[in-house]
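Work through the exercises below with the sequence and the coordinates at hand. Each task is followed by a solution in steps.

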Amino acid sequence: MKTCKEMASIWNVTERTVTNFCKNGKIPGAVKEGKSWKIPDDVRKPDDGRISSGKYVKKAAGAQRKPLPVGISDYIRAQSEYYYVDKTLLIREFLDQKPLVSLFTRPRRFGKTLNMDMLRVFFEKTDTDTSIYFTDKAIWKCGEEYRSHQGAYPVIFLTFKDVKFDTWKATLEKLKALLQEEYGRHQELADSDKLSEYEKDYFSKILNGTANEVELTSALEKLSKMLATHYDKAPIIIIDEYDTPIQEGYSKDFYEEIIRFMRNFFSGAFKDNKNLSYGFLTGILRIAQESIFSGLNNLSVNSVMDEEYDNYFGFTSEEVTKMLAYYGVSEKESEIRDWYDGYLFGSKEIYNPWSVINYISKGCTPGAYWVNTGKNEILEDVLKAATEDIIEELYALLQGEKVIARIDQNVVYRSLAEDPANIYSLLLVAGYLKTPQKELQADGSYLCEVSIPNREIAAVYKSEILSHLLQIGAVTRTTANKIAESLYANNRRKLQQAIAEYIDKSISFYDAGTEGFYHGLVLGLVALMDNQYKIKSNRESGDGRYDISMLPKEERYPGIIMELKWKKNLEEDQLAELADEALSQIEDMRYDAEMKEDGIKDILKFGIAFSGKKVRVKTK
């Protein structure tokens, strides 16, 4: 006789699945001993969840697998037609804590919209029985205390995830259309004998699209009052991706207009609103500095730093293991962990759900799927605002190192201009960093050890850094391609030419007499070549000398050592002499000793001299 755990390993399913088979009488001969089940050694796994007498023949395993929910944020459809990772215990946790208004901040594509739609379907009072979408889910097993809330409330639901426009006028029109659609979901109010005529007039204005900006700011407050009057039950208000139009306002220069509108819009809905049972909001940032939630002392904020709800956004390790087993690709667990794991929400290790789903659906082909789901303006802003110290730390992060940073969860986009150190706070909440260690400070901020979560995000950084270098002209696409092609073909001569060309272009576009040039040069090398090389740099002062050492990760690549020298106002012949001096110094100071000790025999040496925007590269 075997235990459920042993059978789970043999059948490649979860222990819970085997336990359920036993409870439901689907395994002949299974007996319960105390709290555990014992299973006959020779019993066969239930083919389709049922033990049959032989009349039923299961179809091929692949035909029975549900498709993955790529881009599906409709709860009813996701849980019925696709492979659904059950997050319904979020409902239980919320009902246990009962905060009046909850704000969940998570990176984009981490399941916020799907979870909010799940809450809507669970709580919303409708003409049809929506309990059927939960009877087989974890929340239903929690008892009548929780089931009694199902279908018990009127619900207002708005998602701002697609409110992405270039002007305030277009943004306001979109918001007006969303409110019009939501009012249309509550057509019963138009004929309600419980509402006054002025309320019906306002309802008609929103429904007909004739309300002005001032009237629109009261839309949530007035709709909640009408629903509470009609149903004799205060509604639940759900706002998904509340900060998307605010981010657009920041990048498209209508920030003040969107902040002013949202401040009034949310204040009426959530501040001292007696016609509110519960409120839910999701977003990437907690925009507190702009006083959008001014005076909202009933707001419970849950961020990536908090342990409450830490496993309900994104996939846990257990959920990914189960998913891989379901699709018959358990052997890919190590690869999927390297690429998409590594996030820490509270104390829980989390996978990027969007990337996991795409990875499996595309035949377990690793790639930067998350980067293609939206603009990475935050990284553009970071590179524009970064100081020399931050650039240096960015290339340290790219090479797998950790950086100490202060994290302020109340940071907003425009605070980058005020203090570039806020870069790390933005990168963390937006999903570009993780915090292996953190310590709460007296002012409410955290002192953290931060690092890049996984290979996918490292690829995103490199892509954005290259785009930045291409945009400012520090490197051309042709040069970048030459480096990549020469590495792929292991063409030593072409690699020498490509690196010399890259250095020449870099010096042409940076101020070559500053550390900013040096950092930009090294950051570009990391972005271009760190798949093949471990890049080290040692900056020295006094004579303008810099060292760059590139250790190959594979034997087929040569080692690379660069010695950089700089002096003012040199003529061409003097520049050539300085480049020769740099090249000789590599030999004289035995900079190749470390590589030789590591068994690297093929070593490229670059002596680089520059004066102003003039450069001379000597190689050996």
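**Exercise 1: a hairpin and its neighbour**

Strands S12 and S13 form a hairpin with 5 residues between them, and Gly 444 in the turn has a positive phi of about 95 degrees. The model is a predicted one.

Task: State how many bridges join S12 to S13, and in which sense the two strands run. Then find which residue of S13 is the bridge partner of Ala 405.

Solution.
1. S12 covers residues 434-440 and is joined to S13 by 5 bridges, running antiparallel.
2. Strand S11 (residues 403-407) is also joined to S13 by 5 bridges, again antiparallel.
3. On the S11 side, Ala 405 has Cys 448 of S13 as its bridge partner.
4. On the S12 side, Lys 438 stands opposite Cys 448.
5. Cys 448 has 1% relative accessibility and therefore counts as buried, the cut-off being under 20%.
6. In S13 (residues 446-451), 5 of the 6 residues are buried, so the strand is largely enclosed by the rest of the structure.

**Exercise 2: cysteines**

Task: Decide whether Cys 364 is buried or exposed, and give the count of disulfides.

Solution.
1. Cys 364 has a relative accessibility of 7%, so it counts as buried.
2. With sulfur atoms required to lie within 2.5 Å, the count of disulfides is 0.

**Exercise 3: a helix and a small sheet**

Task: List the buried residues of helix H15 and say how they are placed around its axis.

Solution.
1. Helix H15 spans residues 333-340, and its buried residues are Ile 336, Trp 339 and Tyr 340.
2. These residues cover an arc of only 70 degrees around the axis, which puts them on the same side of H15.
3. As background, an α-helix has 3.6 residues a turn, so residues three or four places apart point the same way.
4. After H15 comes Gly 342, with a positive phi near 105 degrees.

Task: Give the strand order of the open sheet that contains S9, and name the strands at its edges.

Solution.
1. The sheet has 3 strands in the order S8-S10-S9, with antiparallel pairing.
2. S8 (315-316) and S9 (343-345) are the edge strands; each has a single partner strand, so one side of each is left without a neighbour in the sheet.
3. S9 is joined to S10 (residues 348-351) by 3 bridges, and Leu 344 stands opposite Glu 349 in S10.

**Exercise 4: an enclosed strand and the cores**

Task: Explain why strand S16 is described as largely enclosed, and find which residues touch the most other members of the largest nonpolar core.

Solution.
1. S16 covers residues 559-566, and 7 of its 8 residues are buried, so the rest of the structure largely encloses it.
2. S16 pairs with S17 (residues 603-611) in the parallel sense over 8 bridges; in S17, Ala 609 is the bridge partner of Lys 565.
3. The largest nonpolar core has 74 residues, of which Tyr 461, Met 529, Ile 560 and Met 562 touch the most other members.
4. Helix H24 (residues 515-529) supplies the largest share of this core, 8 residues.
5. Another core, of 44 residues, lies apart from it and includes Trp 168 and Leu 281.
6. Leaving aside neighbours within four places in sequence, the contacts of Ile 560 include Leu 495, Met 529, Tyr 533 and Phe 606.

**Exercise 5: confidence**

Task: Find where pLDDT stays under 50.

Solution.
1. The protein averages a pLDDT of 85, and 88% of the residues score at least 70.
2. Residues 48-63 stay under 50, with 13 contacts beyond four places in sequence.
3. Residues 540-545 also stay under 50, with 13 such contacts.

Conventions. Residues numbered from 1 in each chain as written. Predicted model: local features only at pLDDT ≥ 70, side-chain atom pairs only at ≥ 80, totals over all residues. Heavy atoms only, no water. pLDDT = per-residue confidence, 0-100. Contact = heavy atoms within 4.5 Å. Buried < 20%, exposed > 50% of the residue type's maximum accessible area, 1.4 Å probe, protein only. Helix = DSSP H or I, 4+ residues; strand = E, 2+ residues; numbered from the N terminus. Pairing = 2+ DSSP bridges. Arc of directions from axis to C-beta. Core = buried A, V, L, I, M, F, W, Y, C linked by side-chain atoms within 4.5 Å.
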